[in-house]
Amino acid sequence: MSVASIGESHAERFLGKICLAENGIGYLTPVELQGEAVPDDPRIWFCKNSFNVVQVRVKNFIPGEVHEYDVSLDSVNLKDGGVHNLRCKRCTHDLQVKRIPKLGLLGLIQPPPWGTAQEVDVMLRKLQAAAGLFYLVREFVRDPTREEAPLVASASGATRDVAKLSADSEVLNMFLDRCNIFVRAVDSQSPKLRLHECAKPRTRGILLKAVLEIKMLILVVVEHLQGEEGVFNSRQLQEWTNFQIEIHEDCLKGGVEAQYKTNEPSWESLKALVCGPGEHPEAKTDVEAHLTAAGAQKVLNECLNNINNTVWPRLQQKSQLADLKLPSLDFSSAAGGAEFKLRHSCIWMRAVETYLFDLVHSSQYAKGSPHGIADIRKQVSRPDLALKILCPSIALDKAVKDSQAELDTLLAEKAERRRSGVGTDGINFNPRNSTGMVNPGENLCASNALLQLLFSVQPFAAAVLDAPELMTKVGDEPSSPSSRPLQGDAGQLVGGLRRLFSEMSHPDRASSCARDVAAALYGKDLGSQQDCDELWHRLSSLVEDGLSGLAGKPYGALQKAFELLFTGATYEMRLKTQIGDSTACGFAPVGPDREDAAKKPFLTIPVQPGNKTLKQALEEFTSWSSTGGDEVPWTQERFRRIPPFLCFASRQVSALEWEESLNLTRFVVPASASMQKSCYEQSKALQLQSELRDALEHLVPARRSAAKANAVSCRSLEAEVTKLADVCQHLDAQLEPLAAQIAELERSIGDGFEELALEDFLVGAVDAAKVKSVIRERLGVDNVKLLADKLYDGGKPSGTVAQLVQGTGACLSQAEADAMLAKLKSRWEDHHAHMFDIHGIVLYQGLGQWGHYVAFIRQADGPFLCFDDEQVRELPDAAAVRAEIAERGSEGLPASVRMVVFRRRITPADSELAPIELDGPQVSAVANGTPVNGTKREHTDCGGEGAAGDAKRPRT
């Protein structure tokens, strides 16, 4: 049956005319809508191809009559639509039929195909913006008195996903152009949409048409993409999956199949209603009472689709699937029906326990908790009759009865717990109930990533939440100094952090907006691309300096927490030239000569160009460095305090190989004088190697150019070419022995610890003769480090130990092997006493001033959460993070690590997460009141330019 097959009565010809396409050629394919945002009265028939609507309002229904109306077919306006009041000439059957033209919202999303990754990204972004638009317009439909709605997620009364709508100005502008009952309020600090004449019937009609067009646009895209996951890359597929979970929970609740009747039933119901004979539309037919085998099969398929589309993904996000199995339609045995019921019931019970009960009691569920509880009962019992038709058994009857009893008990327990204060006001399906942060088109991704890192540091988040409330009006200053309002950006920062962290602390907050915090960090540059490390230092300045001027120090606890958790300190060791010889430099380092050099704070350790690992960055930060001066030619930074959260920062695009753990023990344990000297000699050799390579990098091309010039100038430059060649050869000849010297120094330095000789290390554990025959000769090691690498690498004994006990020839006894392992274990513990593990990573994807920041934060049990603004995903381990970073990068849009934060590993001896405090030096007296660090003497030309602050590479 179709529109084209309609008969010849006047009522049928009228119905055929009103269902014609706009151009009068062909017919609409109307489907009757149902589900979320679809009213019971009037009933809506919607054409998915053209977005035209036939709406029928029943004023008086008379069943069993064939209807005829006194209506002119010429009155039907296909383009502009119209209203037709139909009163049957044979009875009191009375309808109002409207033909409603499209608003044109089909163009909000470009139609398929979406052939490139960029086109898929655009489609996903606009699809999420359309969802935000649906939720916003729906609120106006629900509340006839509502006149405005905010376009900022943090504003009171903001609707779901409004930030995604605001971020896509193209979608919002096109909607306002097509739906002119709205106007955007531009004179307000909080942008809003205002509705003209909210109570007028015309306005109400346009609102209903708009919300249905947006819903059907989303539905059409979702239908098109079902089974087409191949168009997505892994990141897009995750985003698409998250969107489906959200949209099937609300806008398309129950799946796309539940949003409309198919073509044939839709047309039959429309024809019966207008032409007769038909049943009263409000008389609900008990389908299950007349269920056939085919109908029962359909019911069970719908039950499975509902679980697959809504319940199963939710439980998966909450790690609740371990012992659950999907129901099977295999009824080859008599137990098949009971098994289906048991599995179906277990899934729904888990959903009620985990999230569903709270959801129907939350503000996100607009129909109210009584309706929600009734819907839960309906879903749990939905397959029962179909199962009894297809696979009846005594076991099935028992399973149905037990399921009902279990549900009654569970609902009663949940209700009692909620009455006693256990329960939530919303629901959050992000992994681990985490909170994403919206990015409303103002380049907030850098601050979002930084703030996720800060919130993950629980002691700092607690200090922020414990900070005093801020006052907003200066005129309301109380007499108490601790209650005086903060001024400027520091006040805005603290107030914004308190609000933000409070929202993020709630397990049911899926997303929040940090625009007010970002405004304090970005200042007048809000909206421009910012570097995460720059924002980190700006935040430090506001906390440490901006809050310091308040009388009574009301924010002292917050400042102290920031300092203890994030701020480290070094002191400066200096190496002076020997008296009477400005070029000679023995190794007799002295402490700082100024108080400011005795405790120099740092917030991040810089990752320098050329550093391939963070260990290299750490070593370069603490290595001896040439100042360019002649009185103090070398300086070194040594740690005085290492914060429990140690941050590394890079400001360039680089392929940084970050480690999962860093060993800082060698930087904490005092080194011997000989070890310090070896490190100094290594720094000198590396500096010379760098200078030689730099010189050759410039001289070799110069030599080639000079040779070419000599050839075309009658060899007039022969002497210069020869001289350049000699210089290059002389410099190049130094590189090989220098490399050998560096290798020998690296071997002697090893891990940076002073080691005993093998015999001294193993005394009391292994007989001296066996040290020679077994350890040195059979095992082939000549030092303690090599012994540890072979027998106890990674903190565990290797299989080689057993080989030294077994076999013929020189062997160790088991007692000797055990004693040796005990010593190696003790050495390992000593050398790994101060370990730091990866805590968080900030990734930058892009070049220059155009790019995007993403944060990866490790959880206590090992997995990482990836915070990509509002999107949150869980990655199982560091390998998955590395794979994600590699996938995000490309030649044109590289992905580089910009910040890495390590967390101090707590040992049984530690009572809390505290910094490592080290002894500092005594401040040396200043010779004749003259500062010496890096100062160039005016009478010599062997030093470089630079003041004290320039002596070391840039600190942050």
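Modeller: A charge sits over a ring if NZ of Lys or CZ of Arg is within 6 Å of the ring centre and within 35 degrees of the ring normal. Please keep in mind that this is a predicted model.

Biologist: Thanks! What makes R146 a charge that sits over the ring of F140?

Modeller: The charged end of R146 is 5.8 Å from the ring centre of F140, and the cut-off is within 6 Å. R666 is listed too: R666 lies over the face of F667, at 4.9 Å from the ring centre.

Biologist: F667 also has an aromatic partner, F639. Why is this pair called edge-to-face?

Modeller: The planes of F639 and F667 make an angle of 85 degrees, and over 60 counts as edge-to-face, so the name fits. The centres are 6.2 Å apart, and the limit for a pair is within 6.5 Å. F639 belongs to strand β15 and F667 to helix α21, 28 residues apart. Both residues are buried.

Biologist: And what makes F648 and F902 an aromatic pair?

Modeller: Their centres lie 5.8 Å apart, and rings pair within 6.5 Å, so they qualify. With 80 degrees between the planes, F648 and F902 are edge-to-face as well. F648 is in strand β16 and F902 in strand β22, so this pair ties together parts 254 residues apart in sequence.

Biologist: How do you know that F648 is buried?

Modeller: Its relative accessible area is 0%, and buried means under 20%, so F648 meets the definition. F902 also has 0% and is buried.

Biologist: How many aromatic pairs are there by this rule?

Modeller: The count is 23. There is also one aromatic cluster whose members include F455, W536 and F645.

Conventions. Residues numbered from 1 in each chain as written. Predicted model: local features only at pLDDT ≥ 70, side-chain atom pairs only at ≥ 80, totals over all residues. Heavy atoms only, no water. Phe/Tyr/Trp six-rings, centres within 6.5 Å; stacked < 30°, edge-to-face > 60°. Helix = DSSP H or I, 4+ residues; strand = E, 2+ residues; numbered from the N terminus. Buried < 20%, exposed > 50% of the residue type's maximum accessible area, 1.4 Å probe, protein only.
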